[in-house]
Each structure stands twice: as C-alpha cells, then as structure tokens.
Amino acid sequence: MKHLPPRHEAVIKGQKLAYRLAPGDGPTLVLINGAGGPMEGWFRLFPDITQAGTVFAYDRPGVGGSSPPVSAQTGVQVVETLRDLLKTAGLAPPYLLVAHSFGGLHANLFTRQHPEEVAGLVLIEPTTPEDVTALKPLQSGAQRWVNGLLNRLSPSNPDGEVAHELETVRQLAAAAPFPDVPLAVIVGGKAPKDWQARPEAQTLRRQHLEALSRLSPQGSLILAARSGHFPQISEPAAVLEAIAALAARLATNRSREQRPA
C-alpha cells in the first residue's frame, strides 16, 4: 500500500478521525467506505485516481485509525461529521462522492440533504434503503449462521452505524428527492453462490440497484463483469474509468458555465 497518501488526524466534536489526503488537479473526490471497511481498502485505486482530482479518504468512527463512536451513528450524524471533517481538511464543495456498499446510504443522504455540495456520485455495489428493509428476511441459513457467529465473536457497538441502519433509512425517506446530478452505479457481475444469498434475494438486490441508478436523469448502471462485491479491488481499472469519466464531465460542464455569454 505504498501508494496511499499521508495519514492525518482531526478531532470533530470530541471524535478522533483519521483521514488521508492526496492533492490533484480537478474536483475533490470523497471516498466513503463500506461498513467496517478502513480507508486502506481503496489502495488499488492509487496513485492513478489522483489524475481525476484531489482525493480524500477517511475512517468512520470505530474503524481503522478512528476512535470508537461517541454518539449514535445515524446517517444524519455521519453526514454532518463528514462535512465538518472536509471543512477542517480545507476542502470546499462541490464534491464528487465515491462510495462503496454501506457507504452508499451515506452518500445518498448527503446528496439529498446538501445537493449544492455534490457535483456527482460514483456508487460501487452500494447498499440501498430497500436492501435494508427487504433483504434481511431473505437471508440464507448460512448467512444467518455467519452473522450470528460474528456477533458473538465481535459484538457490534450499540452506537455504530449498522445498529442504526433503520433510522438512517427513515432519514432517507424523510429527506428531499434525489437531485439531477451525474450518477454512476457500478454493479459486480459475479453473483454469489445460492448458499451465500438466496436467488430471490439476488433478484431483488439487482432490481434495487437498477432503481437507484434511475434516481437521477443523469444516472447510469455500469457492469463490472469480473467482480463480486468489491470492484475497487478486483477491477480497479473499471472503477477508475467511471470516476475519470464523471470528473471529465464535470470539468466540461464547469468550462461551459465559465464561458462569457
């Protein structure tokens, strides 16, 4: 992971947070991890991702170099903490949000609450609100067993984001409609085995992702054919291509806006 940018720390409202920052020429890319995933999980995108702009990655409370949460990590709390951290790091909006898995819920809420601060989104195998409410009852026996074992070995923090996922879904439902911004949803083409996820759950999940890509008139669905749930690791070139395309689109739009009438 030698290509990762330097690590920094900041304290936001009593919460110690670790982040990495790589300056670049272009928009500010904000990398939002999946649940429990440290920022080092983006390592295969570096250093090439810096060609698209300045890159910011961070660990949410209780992950990696950040301290355990000091308050309930609902979506609203996560979004406001991220905004404060970006301000502390000297990064002004608008941002290009790049989110993986559970981080997709936070990027979704960020965009609805602060549309003027979001230039576009790249969502990688994102969790949708419908996943939270509809897929858990369809978990396979193997999934239930593994989740139960993990909870016994490493009990979840009652203030953690997963413990408050239903509240985050309610906050999304109460938020403003999704704005008309560039949106790319990257979907892994490798389906899990039937024992890992029941076929009906896989079908629903794909429908949820397709619906998510249609939230914006500028939305698109991109298939990472050789990937499962982690295209940023298994197919970094595909993810980099999607990010570069969106960054170039934003640069073109900005250039048009700056032309004299």
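Below, a colleague asks a modeller about this structure, which is a predicted model.

Colleague: How many helices and strands does the secondary structure of the protein come to?
Modeller: The chain has 261 residues, of which 49% count as buried. Among contacts between residues at least 6 apart in sequence, 77% join residues at least 24 apart. The secondary structure of this protein comes to 8 helices and 8 strands.

Colleague: How are helix H1 and helix H2 placed towards each other, roughly parallel or roughly perpendicular?
Modeller: Helix H1 takes in residues 75-88 and helix H2 residues 103-113, and their axes come within 9 Å and cross at roughly 75°. Angles from 65 to 115 degrees count as roughly perpendicular. The crossing angle therefore makes the placing of H1 towards H2 roughly perpendicular.

Colleague: Into how many nonpolar, polar and charged residues does the contact of H1 with H2 divide?
Modeller: From H1 the contact takes Gly75, Val76, Val78, Val79, Glu80, Leu82 and Arg83, while H2 brings His106, Leu109, Phe110 and Gln113. Glycine is counted with the polar residues in this sorting. The contact divides into 6 nonpolar, 3 polar and 2 charged residues.

Colleague: How far apart are the end C-alpha atoms of helix H6?
Modeller: Helix H6 holds 15 residues, 199-213, and at 1.5 Å a residue these should span 21 Å. The expected value agrees with the model, in which the end C-alpha atoms of H6 are apart by 22 Å.

Colleague: Around the axis of H6, how wide an arc do its buried residues cover?
Modeller: The buried residues of H6 are Ala201, Gln202, Arg205, His208, Leu209, Leu212 and Ser213. They lie on the same side of H6, because the arc that they cover around the axis is only 135°.

Colleague: Which elements do the buried residues of H6 pack against?
Modeller: One of the partners is a helix already met in the contact with H1, namely H2. Taken together, the elements that the buried residues of H6 pack against are H2, strand S6 (118-124), helix H3 (129-134), strand S7 (183-188) and strand S8 (219-224).

Colleague: Does Ala225 count as buried, partly exposed or exposed, and what is the value behind that?
Modeller: Ala225 lies in the loop between S8 and helix H7 (231-234). Leaving aside neighbours within four places in sequence, Ala225 is in contact with Gly189, Lys190 and Glu235. Ala225 counts as partly exposed, because its relative accessibility is 47%.

Colleague: Which residue comes before Pro47 in the cis peptide bond?
Modeller: Pro47 lies in the loop between strand S3 (28-32) and strand S4 (54-58). The peptide bond leading to Pro47 is cis, with omega near 0°, and the residue before it is Phe46.

Colleague: What is omega near in the cis peptide bond from Pro93 to Pro94?
Modeller: Pro94 has its place in the loop between H1 and strand S5 (95-100). For the cis peptide bond from Pro93 to Pro94, omega is near 5°.

Colleague: Lys13 has a positive phi although it is not a glycine, so is Lys13 buried or exposed?
Modeller: Lys13 has its place in the loop between strand S1 (7-12) and strand S2 (15-22), and its phi is about 50°. Its relative accessibility is 68%, and therefore Lys13 counts as exposed.

Colleague: Glu125 also has a positive phi without being a glycine, so what is its relative accessible area?
Modeller: Glu125 lies in the loop between S6 and H3, with a phi of about 45°. A residue counts as buried under 20%. Glu125 is therefore buried, with a relative accessible area of 8%.

How values were computed:
Residues are numbered from 1 along each chain as its sequence is written. This is a predicted model: local features need pLDDT of at least 70, side-chain atom pairs count only at pLDDT 80 or more; totals for chains, interfaces and linings use all residues. Side-chain values use heavy atoms; hydrogens and water are left out. Axes are lines fitted to C-alpha atoms, for helices over the stretch in contact, and angles run from 0 to 180 degrees between N-to-C directions. Helices (H or I, at least four residues) and strands (E, at least two) are DSSP runs, numbered from the N terminus. Angles under 35 degrees count as roughly parallel, over 145 as roughly antiparallel, 65 to 115 as roughly perpendicular and the rest as oblique. Contact means heavy atoms within 4.5 Å. The expected span of a helix is 1.5 Å times one less than its number of residues. Buried means under 20% relative accessible area, exposed over 50%, partly exposed in between (1.4 Å probe, protein chains only). The arc is that of the directions from the helix axis to the C-beta atoms.
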